[in-house]
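I opened this notebook to record what I looked up, entry by entry. The entries go from cysteines to a helix, then to rings and two loop residues.

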Amino acid sequence: DGLVVSENVKSNNIDAKIPESGLEAEDKGAEEEHPRESDSNILDVSSDYPRDKHISIQRHLADLEKLADLREDERKPCPLCPEEKFKACYSHKLHRHLQNLHWKVSVEFEGYRMCICHLSCRPVKPNLVGDQTLSKMGAHYHCIICSATIVRRTDMIGHINRHVNKGETESRFITVRAPKSSYKVVKESATDVQVLPNHSTPQKTDSYFNPKMKLNRQLIFCALAVLAGERKPIECLDAFGATGIMGLQWAKHLRSSVKVTINDCNENSVTMIKENCHLNKMKVKLNTREEDNDETVGNGEENSDTIEVTKMDANVVMHLRSFDFIHLDPFGTSVNYLDSAFRNVRNLGIVSLTSTDISSLYAKAQHVALRHYGCNIVRTEYYKELAARAVIAAVTRAAARCNKGIEVLLAVALEHFVLVVVRVLRGPTTADDSAKKVRYLIHCQWCEERVFQKEGNMVEENPYQQLPCDCHGSMPGKTAVLLGPLWSGALFNTGFLRRMLLEAVQYGLDEAQPLLKTLVCEAECTTPKHFSTHSPGDENKQEECGVYIRTPNTSAESYLVHGKRKSEEVLRGTAKRQRAEHSAEHPPFYYNIHRHSIKGMNMPKLNKFLNYLSEAGYRVSRTHFDPMGVRTNAPLAQFKTVLMKYSTPTYVGAQAEGPVHLPGEIQVGEEVSAAAVIKVEEAELAEDGKSGVAAAVFTESCSTRCAAE
């Protein structure tokens, strides 16, 4: 019953191959490159291109009739049905059969019709015999792109649409590189790269280029530029090169300050990286473990910059060599590469990682976050900062296993990614200090108040006492959850961020400058109007993890030995020096002003509200995690009190904003009295649509309570 496509085609003298343009060039490429094992496991296709299509895929109905070889004086069977299902008949009856049962229910794609097929192409369960086998041999379609067999017509249409949306063609499933004419050149930060047409929705054998990650690449470049200013030259690694855009930007702008290594385990990606290096007039140093060729130089003017391109697993590269700067940007989570990254990274080096598994980090798939990061999280108003602290906690544990500590320089969580940049500090003492900053978080599910659990191994009788709120006493049941383990230290280093901002201005990185300014204000917990390009302390030096590091106004001899790292004695001595004027760490987490707004009241403008909190004596700033978030050291009760005081009723929203005088002229800086809390409860009760009588009774009872107090 089974039909072989090539035999049917030859017997009927029909050209059943799909026409494609430029076949000669692709045939040469197919002879040069060997098929991969992964592709051969997916589909059983020949190395010749184009491959034969199934007989159920035809352009015209006449071509389908030619397969049956219709004659007036002979009975002919249907070429798409077994003889047990449709017996041989004369031409007029067979013509109606082909037209009504096969052609009319076909699926069209680029001029071809995928007709329904009743042959025994699909595997049948071995325990079925006789008539049961015939009954299970249902109709199906053959995909023109990947040769898959689909039962339903609607499923076949969806299957083809998915191929189209992913930019897949028939050559996608044969190990032949796409012709150069199909490449598209993209320019970013004065760097040209070739990308495939399906670069936005790639497959495992393709290179990925995401234009939305431009901000991420600029932030990493600024961090590398700051490190290059501390010591030269530095060895940096882009562990997942893809198109090589990031490593090319490093080498093109920083020149001799860096020695760039771009790695990727995909053969097509490595070939594209080499071509992009030549496109940008860069020398390519091939991996000596795989090729013994000399360095190759691209066409055009010769440049002294050299980029090393390797084809290895990222873990292998980081185990074999030491680097000063390592960037990890895998598809999804990067926890599988943390141990290798911290194994050979040099002292005072930098490790940056980009995590794109935001579904788990942003508490949409909590079981995945527990599996990857060993962290229990829930969806909160500060879920983005929660994600950043969960990633840093995993980084801290990985570094501690290698007897290394970390100092967080930068943590950014935006819509598409979570970026963490840390400086590595060798030694078991720093490893212990970093590990102590990984704690659990107590989160109240009623009011969203939160506090890190106190240090110590002793079990507390009532952990709810650590929360500033009293929801556990006034609400039934358990009101709080334990989240973590999370990083409880600072998320930013002000000195490093200021120098990143200077690098962004110097290289004209417009997208990174506004974000870096916000991060500097967030690190200092100040409003933008107090922002300045100089630090409040010594303008010529910045302190990071207890080590003073040179800025552009300081001589190189004072803090840095050119071309060498400081000796261990100097590092040990400078680590003990702490500035008295060093500012305190920024408060952990933030509050969303909309989440805590009062119903029936118009909130003040966000910038005005920041000024009100600052005038009350609290540290306050905006946060990049949430456009309506407020980072402050004020307790939630004080936060709500200030918000209530400067909110106006909805029915007088047209009037100018002004303070709402609370009973007894309560001062904001003082502790919240019972009258203020009762006033807030009264406003919320009236807003919920309660009757006037109930509100009056509630007000009278509140007055009685105040008099009693």
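Entry 1, cysteines. I call a residue buried when its relative accessible area is under 20%, and exposed when that area is over 50%. The model I am reading is a predicted one. I looked up C78 and found a relative accessible area of 4%, so C78 is buried. C265 has 54% relative accessibility and therefore counts as exposed.

I then asked how many disulfides the structure holds. The count is zero. For C78 I checked the closest cysteine sulfur, which belongs to C81. The two sulfurs are 3.7 Å apart, and a disulfide needs them within 2.5 Å, so this is too far for a bond.

Entry 2, helix α7. I took helix α7, residues 153–165, and compared its expected span with its ends. With 13 residues at 1.5 Å a residue, the helix should span 18 Å. Its end C-alpha atoms lie 18 Å apart, which agrees. The expected span is 1.5 Å times one less than the number of residues, so the last residue adds no step.

Which residues of α7 are buried? I noted M156, H159, I160 and H163. They cover an arc of only 95° around the axis, so they sit on the same side of α7. The face turned away from this buried side carries T154 and N165, which are exposed. I also looked up what the buried residues of α7 pack against: the strands β2 (107–109), β3 (112–114), β4 (141–142) and β5 (149–150).

Entry 3, aromatic pairs. I found 10 aromatic pairs in the structure. In one of them, Y362 and Y383, the ring centres are 5.3 Å apart and the planes stand at 80°, so I filed the pair as edge-to-face. This pair links distant parts of the chain, with the two positions 21 residues apart in sequence: Y362 is in the loop between α13 (358–361) and α14 (366–373), and Y383 is in helix α15 (residues 383–401). Y362 counts as buried because its relative accessibility is 4%.

Y590 and F625 make a stacked pair, 6.0 Å centre to centre with 5° between the planes. Y590 lies in the loop between α21 (568–575) and β22 (591–592), and F625 in the loop between β24 (620–622) and β25 (629–632), so the pair ties together parts 35 residues apart in sequence. Y590 and F625 are both buried.

I also noted a cluster in which ring pairs link Y382, F452 and F589. The ring of F589 has the charged end of R389 sitting over it, 5.0 Å from the ring centre. I found a similar entry for R59, whose charged end sits over the ring of Y112 at 4.1 Å from its centre.

Entry 4, two loop residues. Is T527 buried or exposed? Its relative accessibility is 6%, so T527 counts as buried. T527 lies in the loop between α19 (512–524) and β20 (541–544). Setting aside neighbours within four places in sequence, I found T527 in contact with C521, L610 and V620.

Y651 is in the loop between β26 (648–649) and α24 (674–687). At 74% relative accessibility, Y651 counts as exposed. I checked Y651 against G600: they are 51 residues apart in sequence, and their C-alpha atoms are 8.4 Å apart in space.

Note on methods:
Residues are numbered from 1 along each chain as its sequence is written. This is a predicted model: local features need pLDDT of at least 70, side-chain atom pairs count only at pLDDT 80 or more; totals for chains, interfaces and linings use all residues. Side-chain values use heavy atoms; hydrogens and water are left out. Buried means under 20% relative accessible area, exposed over 50%, partly exposed in between (1.4 Å probe, protein chains only). The arc is that of the directions from the helix axis to the C-beta atoms. Contact means heavy atoms within 4.5 Å. Rings of Phe, Tyr and Trp (its six-membered ring) pair if their centres lie within 6.5 Å; planes under 30 degrees apart count as stacked, over 60 as edge-to-face and the rest as tilted. A charge sits over a ring if NZ of Lys or CZ of Arg is within 6 Å of the ring centre and within 35 degrees of the ring normal.
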